[in-house]
Amino acid sequence: MKKILALLLMVLTLSACTHDEAPSPFVKVVDGHFERAGKPYYYVGTNFWYGAILGSEGQGGNRERLCQELDYMKKMGIDNLRILVGSDGERGITTKVEPTLQVSPGVYNDTILAGLDFLLQEMGKRDMVAVLYLNNSWEWSGGYGFYLEHAGAGKAPRPNEDGYPAYMKFVEQYASNTKAHELFYDYVRFILQRTNRYTGVKYIDDPAIMSWQIGNEPRAFSKEALPAFEKWLAEASALIRSLDPNHLISIGSEGSWGCENDYAAYERICADANVDYCNIHLWPYNWSWARPDHLIDDLQASCDSTRNYIDRHLTICDRLNKPLVMEEFGYPRDGFKFTKDIPTQGRDGFYKFVFSLVGDNAESGGHFAGCNFWGWGGFANPAHEQWQVGDDYTGDPAQEAQGLNSVFATDSTTLQIIKAEVDRMAALRK
């Protein structure tokens, strides 16, 4: 009898342990690496910034196209999408994404909120995860300039009218403007405390979200502003952690390029206990590594510079024992032309090189865990080189030429490269 009781106790104990150790439905960082459902998580994903707009039933909404795009990406094995929560400010401004979510501080466009809810529901159905960014240092979705204007700093210059130097000088104020920060924090509280109207699931409990990201390419915009910039990022990440214990937190940084080329500042930012993993972005054309009229000739030099940039940041990740994701990178179509019929030989070569580095040395602890190419154009048919209201959304925001960096469903050679690398990631997840 005692033996039977002992066996029963052992079975119950093992059952309880098994229950306690059930894999988390959320993407986690375990010993410096991503895990999803208890297994390694390496990925080749994409940027799908307009997903919430497409999911709405108002201006710009197209739920049929949204589901078509998600089905196509899922069929390819792409399950990680980096998405803008919503843009801020006025409509009707050239080079600005619309419709906006936050019309003025605390005043929200409910159709975009519904679009975000619908998007997350549909991603959950397909076992996809979203990296959701909440702010933007650039003009195309509001962000820094929007908060500064409403904090009393004056009208933000528009880069397409006043030039980027004027814009960057203005938004340099953001790093130390506490009123602008408070307006942003109110927005963070509103979004993170939301419940999805379609699923009834609180955002903080939704496994379809992988990470909250403070912003898209947050920058200090001067070396003098770096201390205040670091302080703001620490405050923002602490606020997000206090509201949501389940999801990962990331910065959205370009890396040293977004820290005034100060690698020490980047390391201090990423060392924060509330920051779960590190980000970098990389743009060979924008950073003058590849000339518009020599994109194929400059491919090897771009790859060499890319490898050096990634390696310098991986050294930091090794010290911090945190994963690295290159969540933005792109390469223009050949000849620096933008229509869908233009070949992508240069882009294909660059993508293939970047993808080959993800998961490199995974068995021996390599920290380069994922990437999101910029960006998904899918089934869009651009009507104009400069985006206009009513045009299809592409991977290129309104301030950029439509087709500049987009990957369309017709880009067969690029898609073949992506599919091969997605399949390789699937093997690394086992």
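This tour moves through a predicted model, from its central sheet to its pockets, its largest cavity and one loop residue.

**The sheet**

Begin by selecting the strands of the open eight-stranded sheet, whose order is E10-E9-E8-E5-E4-E13-E12-E11 with parallel pairing. At its edges are strand E10 (248-250) and strand E11 (278-282), each of which pairs on one side only. From one strand to the next, the twist averages 25 degrees.

**Strand E5**

Next, select residues 80-84, which form strand E5. Five of the five residues of E5 are buried, so the strand is largely enclosed by the rest of the structure. Display the side chains: Asn80, Arg82 and Leu84 point one way from E5, whereas Leu81 and Ile83 point the other way. Residues on both sides, Arg82 among them, are buried.

Now add the neighbours of E5. Strand E8 (residues 129-133) runs parallel to E5 and is joined to it by five bridges. Within this pairing, Leu84 stands opposite Tyr133 of E8. Strand E4 (residues 43-47) also runs parallel to E5, with two bridges between them. Here Asn47 has Arg82 of E5 as its bridge partner.

**From E4 to E13 and helix H13**

Keep E4 selected and add strand E13 (residues 368-373); the two run parallel and are joined by four bridges. Val44 can be found opposite Cys371 of E13. Then show helix H13 (residues 412-428), which lies across E4 and E13 and runs at about 135 degrees to E4.

**The largest pocket**

Turn next to the open spaces. The largest pocket has a volume of about 510 Å³. To centre the view on this pocket, select Trp138, Glu217, Asn286, Gln399 and Glu400, which are the closest to its centre of the 21 lining residues. Coloured by class, the lining of the largest pocket shows 11 nonpolar, four polar and six charged residues.

**The second largest pocket**

For the second largest pocket, which holds about 240 Å³ of space, select Ile93, Lys96, Glu149, Lys155 and Arg158. These five lie nearest the centre of the second largest pocket, among the 17 residues that line it. Which helix gives the most to the lining of the second largest pocket? Select residues 144-150: this is helix H5, which gives four residues. The lining of the second largest pocket comprises six nonpolar, four polar and seven charged residues.

**The largest cavity**

Three cavities of 30 Å³ or more are counted in the model. The largest cavity contains about 50 Å³ of space. To locate the largest cavity, select its lining: Trp49, Val97, Glu98, Trp387, Asp392, Tyr393, Thr394, Asp396, Pro397, Ala398 and Gln402. By class, six residues of this lining are nonpolar, two are polar and three are charged.

**Gly61**

Finish at Gly61, in the loop between helix H2 (51-54) and helix H3 (63-76). Is Gly61 buried, partly exposed or exposed? Its relative accessible area is 30%, so Gly61 is partly exposed, the buried class being under 20% and the exposed class over 50%. With its neighbours within four places in sequence left aside, Gly61 is in contact with Ile53, Leu54 and Ser56. For a last view, add Leu243: this residue and Gly61 are 182 residues apart in sequence and 30 Å apart in space, C-alpha to C-alpha.

How values were computed:
Residues are numbered from 1 along each chain as its sequence is written. This is a predicted model: local features need pLDDT of at least 70, side-chain atom pairs count only at pLDDT 80 or more; totals for chains, interfaces and linings use all residues. Side-chain values use heavy atoms; hydrogens and water are left out. On a 1 Å grid over the protein atoms alone, a cavity is a set of points where a 1.4 Å probe fits but cannot get out, and a pocket is an open set with protein on both sides within 12 Å along at least five of seven lines; lining residues have an atom within 4 Å of a point. Grid points are joined across faces, edges and corners, and a volume is the space filled by probe spheres set on the points. Ala, Val, Leu, Ile, Met, Phe, Trp, Tyr, Cys and Pro count as nonpolar, Asp, Glu, Lys and Arg as charged, and the others, Gly among them, as polar. Buried means under 20% relative accessible area, exposed over 50%, partly exposed in between (1.4 Å probe, protein chains only). Two strands pair if DSSP finds at least two bridges between them. Axes are lines fitted to C-alpha atoms, for helices over the stretch in contact, and angles run from 0 to 180 degrees between N-to-C directions. Contact means heavy atoms within 4.5 Å.
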